[in-house]
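Notebook open, coffee poured. I wanted to look up how the core is put together and how the helices pack.

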Amino acid sequence: MKSKMCWWKKALLMTAMLILLVIIIVIVMFWRVIRTAASVEEAVELLSKYDLHASAGMMVHFSIADASGRSVAVEYIDNEMCVVETDIATNFYLSEGEKYGIGSEESHIRYEILNALLQERKAFTMEDIRD
């Protein structure tokens with residue numbers, strides 16, 4: 001006799017599958033942007049062609065920079081793409097509005113540390129950021 005999976009296990013499994021699907025879509029878009037966009041402007045234009053809003057309730061944003069020094073955070077809020085000029089993004093919303101600042105306390109601490117470092121100097125090596 002087959003045992004039935006209880007409703008909450010089914011719901012948990014479906015949620016996990018949906019989150020995995022969103023993660024896969026974000027990774028595919030990330031690689032597409034890296035391979036085809038030569039500037040922040042081109043990357044934003046490419047991302048605007050796709051509906052990447054966070055239907056699974058996940059925070060979806062990209063931090064994009066180019067060789068000219070321009071950098072932005074692309075966030076998806078209320079089914080719309082928002083672009084914020086910024087040198088720092090640490091997993092909380094940067095777009096003005098009701099979601100501004102939503103994120104973990106740790107992400108705010110990292111942001112403040114990076115912002116203070118950025119005030120001291122304008123360029124970093126990978127070792128500087130890692131350490």
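My entries on cores, one helix and one helix pair follow.

**Ground rules.** I am working on a predicted model, where local features need pLDDT of at least 70, side-chain atom pairs count only at pLDDT 80 or more, and totals for chains, interfaces and linings use all residues. I number residues from 1 along each chain as its sequence is written, and side-chain values use heavy atoms, with hydrogens and water left out.

**Core.** I looked up the largest nonpolar core (buried Ala, Val, Leu, Ile, Met, Phe, Trp, Tyr and Cys residues joined through side-chain atoms within 4.5 Å; buried is under 20% relative accessible area, 1.4 Å probe, protein chains only). It has 15 residues, and Leu47, Leu52, Phe62, Ile64, Val72, Val74 and Tyr76 touch the most other members. At least two residues each come from α1 (7-36), α2 (40-48), β1 (61-65) and β2 (71-77) (DSSP runs: helices H or I, at least four residues; strands E, at least two). I find α2 giving the most, 5 residues. A second, separate core of 7 residues includes Val84, Phe92, Leu94 and Leu118.

**α2.** I list Val40, Ala43, Val44, Leu46 and Leu47 as its buried residues. Down the axis of α2 they fall within an arc of 160° (directions from the helix axis to the C-beta atoms), so they line one face of the helix. They pack against α1, β1, β2 and β3 (80-85) (contact: heavy atoms within 4.5 Å).

**α1 with α2.** I get axes (lines fitted to C-alpha atoms over the stretch in contact, angles 0 to 180 degrees between N-to-C directions) that come within 10 Å and cross at roughly 140°. The contact involves Met29, Arg32, Val33 and Thr36 of α1 and Glu42, Ala43, Leu46 and Leu47 of α2.

Definitions and conventions. Buried means under 20% relative accessible area, exposed over 50%, partly exposed in between (1.4 Å probe, protein chains only).
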